[in-house]
Amino acid sequence: MIERSEPRAAGVRSGRPAVTSHAELAHVALELFSSRGFDATTVDDIAAAAGIGRRTFFRYYSSKNDVVWGDFDAELDRMRRYLNERPADQPLLTALHDAVLDFNRFPDVEAPWHRRRMRLILEVPTLQAHSTLRYAAWREVVAEFVARRLDIAKDSMQPQAIAYAFLGVCIAAYEQWLKDDGTKLEEPLDTALTLLVSGLSCD
């Protein structure tokens, strides 16, 4: 919950209600990144535009880099739960196909924000090192599931190869999606995942 007694950051727009969620704060930040550029925007700029103080910003996100990814840790937890709930008789790759599609579903109203987010993640050089950490966390969820299904160590070849492969096709699908504003993400993503699943084997 926002502490209303916290002093406002300099330049706060008093007519705008203070943000009260990860998503709202991310939207404010994405607007600034689009208009000013990621590198030129500071945490203080985001806090001021959001109507909150600097300390409150850090209750939501640990850094400016993190705000681009939204509440990514919560989404990873959701993906992990989804995989844990897959029926034991569902083929491994089918389960991953479905889980990745589910992970990437969002309301239509969020599509413009998600496009802004992915353009930053894929195109801003200063975000690449941070993105590597986020990609690794995503692959970890996939590798854990594969390892559990195959009863092998998660750092062995199959879990790691499958995790890297699924991440790769996701990035390829995102790049295609960003080329056409009229396309829904699920279309190129499902196409890429289907190509991958048809070419992989766990035998």
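Me: How far apart are the closest N and O atoms in the salt bridge that R78 forms with E75?
Reply: In this predicted model, R78 and E75 both belong to helix α5, which spans residues 72–84. They are 3 residues apart there, which means that about one helical turn separates them. R78 is partly exposed at a relative accessible area of 24%, and E75 likewise counts as partly exposed, at 30%. The closest N and O atoms of this salt bridge are 2.9 Å apart.

Me: Which residues are linked with E75 and R78 in a network of salt bridges?
Reply: The salt bridge between R78 and E75 belongs to a wider set of linked residues. Besides E75 and R78, the network holds D102, R105 and E186.

Me: How many residues apart in sequence are the parts that E144 and R80 tie together?
Reply: The side chains of E144 and R80 meet in a salt bridge with an N to O distance of 3.2 Å. E144 lies in helix α8 (residues 128–150) and R80 in helix α5, so the pair joins parts of the chain whose separation in sequence is 64 residues.

Me: Is R115, which forms a salt bridge with D181, buried or exposed?
Reply: R115 lies in helix α7 (residues 111–123), whereas D181 sits in the loop between α9 and α10. Their closest N and O atoms are 3.6 Å apart, and D181 counts as exposed at 61% relative accessibility. Because the cut-off for burial is under 20% relative accessible area, R115, at 10% relative accessibility, counts as buried.

Methods:
Residues numbered from 1 in each chain as written. Predicted model: local features only at pLDDT ≥ 70, side-chain atom pairs only at ≥ 80, totals over all residues. Heavy atoms only, no water. Salt bridge = Lys/Arg side-chain N within 4 Å of Asp/Glu carboxyl O. Helix = DSSP H or I, 4+ residues; strand = E, 2+ residues; numbered from the N terminus. Buried < 20%, exposed > 50% of the residue type's maximum accessible area, 1.4 Å probe, protein only.
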